[in-house]
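The exercises below are to be worked with the sequence and the coordinates at hand. Each task is followed by a solution in steps.

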Amino acid sequence: MITNQPRSISASAREEQTQTIACQLLAATTEKRSIFAKVRDTFRWDDKLLSWTMDNPSLRVQLFRLIDCLPSLTTKAEIAAHLQEYLSVPDVELPQALKGLLNFTAAESMPGQVAATTLSTAVETLARKYIAGENIKQILKSIEQIRKQSMTFTIDLLGEAVITEIEAQSYLDRYLELTEQLTLASQQWSKVPQDKADGVDLAQVQVSVKLTAFYSQFDPLDVAGSQVKVSERIRILLRKAQEVGAAVHFDMEQYRYKTATLAVLKPLLMEAEFCDRTDIGITLQAYLRDSYQDLKDLILWAKQRGKPISVRLIKGAYWDSETIIARQNHWPTPVYNHKSSTDANFERMTELLLANHEYLYAAIGSHNVRSQAHAIAIAKDLNIPPRRLEFQVLYGMADNLATAIAQAGYRVRVYCPYGDLIPGMSYLIRRLLENTANSSFLKQSVSEQPLDGLLDAPVWGEGDEDGSQVQLTPIALPTATVTRIDPAPDTDYAIEQL
């Protein structure tokens, strides 16, 4: 039996409480910056690039394409040539400062060298805003700052995509080493309130991992085979984490891996060696149409297991690629078509998760003030114990919101990507897309949009209301004289056929 959405108070009272908390958080997150800081930022190229991409969609596309290929460019001349090629297309309206930067005739010239250096430096600075460190010294420094703000953390190693077993083994070895290094360093840390909840000491160290990085042939076509290989390495990591007192959280990736990921983790965490562990977590993505049912299934599974694990509830980071892949293959989209629908689903999943807090601990991951306020309102209403709820944000994003939630007395965890900047470039692009998308709460919160509209309850978009799969509408042809051929969709092997 699953406990349904909590309603100890009326829906209107819950909404009023959510709005009040959201306004308080939003007021606390309003950044008060000195005139000096504002003037300084006008001369920083990384801030300029981010600002320009918010206002110019065409420029955003070209800049992100350029940033994506930047790691493969080995000389300043190559960077300068690509800079000119990507940004000189007719439909891109350039700010005056960028026009001046492109004002060179030869990539090898001194002005070309200056342009390449300016771009590389700006992108590297931008990456450092979202990547917590490239080595153990840097990551420990970032952790120190996080803990000083009475927050905790989880570390994710960048560059998870592996294509050989040598890489997969190396990935495991790096996590084993990282876990040991962090727990050794933690012995010198001063205690903060986040280290304890309900009188119980919590793991000071947590790492986040992706299953696909532990086996190079992880494939939904071979769930059983993938399960055997991946489970061998996951057991090693879980044993090491238990030995040193660290927690482990399993991230969710592209939709094609979702069912296989859950199929691997559920039986593994039921094994006698791990079934009593409560320092383990799984991620669910609210932008998926079947995520609500996945949460219901997890609750039933957790009841059978007898010991809770954490569920990190996020909205999802692959919306564009999931939509494009579905359209290419003539599949129904696995994600909701509208951002508002994702927000609405996130809220109903939050309600279901918190209503069942005795079976699953909740980790609410969002940069949307409304979404976090909604969770806080439920937690207050149900008087949920501190151990069973935490809030999460990404490193370098929504820092003020994280601070406001922590100051309100809730446990806050910062998701910290760690590793070389080059393999982290794809992560950087996802963060930039999130920051600059028109539907992003982060962008809307700095716009002129009225506060009331920003904090309104999300509504289901057309075609998304019941969360069911929808058929894609045909793409319009440029002329009616051409006969349209509607090909049969390819088989989606990520979905188990009954």
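Helices, taken as H or I with at least four residues, and strands, taken as E with at least two, are DSSP runs numbered from the N terminus. The model is predicted.

**Exercise 1.** Determine which residues of helix α16 are buried, what covers them, and what the sign of phi is at G409 after the helix.

Solution.
1. Helix α16 spans residues 399–407. A residue is buried if its relative accessible area is under 20%.
2. L401, A402, A404, I405 and A406 of α16 are buried.
3. The cover over these buried residues includes two helices, α1 (11–29) and α15 (369–382), and two strands, β9 (389–394) and β10 (412–418).
4. G409 follows α16, and its phi is positive, near 100 degrees.

**Exercise 2.** Give the order in which the eight strands close into a barrel, and describe the packing of α10 and α15.

Solution.
1. The barrel closes in the order β1-β4-β5-β6-β7-β8-β9-β10, with parallel pairing. From one strand to the next, the twist averages 30 degrees.
2. Strand β5 (residues 247–250) runs parallel to β6 and is joined to it by three bridges. F250 has I282 in β6 as its bridge partner.
3. Helix α10 lies across β4, β5 and β6, at about 145 degrees to β5.
4. Helix α15 packs on the sheet and touches β8 (360–365) and β9, and its direction makes about 170 degrees with that of β9.

**Exercise 3.** Establish how many residues of strand β1 are buried, and which strands are joined to β1 by bridges.

Solution.
1. Strand β1 covers residues 152–157, and six of the six are buried, so the strand is largely enclosed by the rest of the structure.
2. In a regular strand, side chains alternate between the two faces of the sheet.
3. On one side of β1 are T152, T154 and D156, on the other F153, I155 and L157; all are buried, and both faces are covered.
4. β1 and β10 run parallel and are joined by six bridges. R413 in β10 stands opposite T152.
5. β1 and β4 (residues 206–209) also run parallel, joined by two bridges. S208 in β4 stands opposite D156.

**Exercise 4.** Classify the ring pairs F153 with W189 and Y171 with F214.

Solution.
1. The structure holds six aromatic pairs. Planes over 60 degrees apart count as edge-to-face.
2. For F153 and W189 the ring centres are 5.8 Å apart and the planes stand at 80 degrees, so the pair is edge-to-face.
3. F153 belongs to β1 and W189 to the loop between α9 (165–186) and β2 (196–197), so this pair ties together parts 36 residues apart in sequence. F153 and W189 are both buried.
4. For Y171 and F214 the centres are 5.3 Å apart and the planes at 75 degrees, so this pair is edge-to-face.
5. Y171 lies in α9 and F214 in the loop between β4 and α10 (223–244), so the pair ties together parts 43 residues apart in sequence. Both residues, Y171 and F214, are buried.
6. Y171 and F214 form one aromatic cluster with Y175.

**Exercise 5.** Describe the surroundings of I280 in strand β6.

Solution.
1. Strand β6 (residues 280–285) contains I280. Its relative accessibility is 1%, so I280 counts as buried.
2. Neighbours within four places in sequence are left aside; I280 is then in contact with L238, V248, F250, L269, I309 and S310.
3. S310 is 30 residues from I280 along the chain, and their C-alpha atoms are separated by 6.3 Å.

Notes. Residues are numbered from 1 along each chain as its sequence is written. This is a predicted model: local features need pLDDT of at least 70, side-chain atom pairs count only at pLDDT 80 or more; totals for chains, interfaces and linings use all residues. Side-chain values use heavy atoms; hydrogens and water are left out. Buried means under 20% relative accessible area, exposed over 50%, partly exposed in between (1.4 Å probe, protein chains only). Contact means heavy atoms within 4.5 Å. Two strands pair if DSSP finds at least two bridges between them. Rings of Phe, Tyr and Trp (its six-membered ring) pair if their centres lie within 6.5 Å; planes under 30 degrees apart count as stacked, over 60 as edge-to-face and the rest as tilted. Axes are lines fitted to C-alpha atoms, for helices over the stretch in contact, and angles run from 0 to 180 degrees between N-to-C directions.
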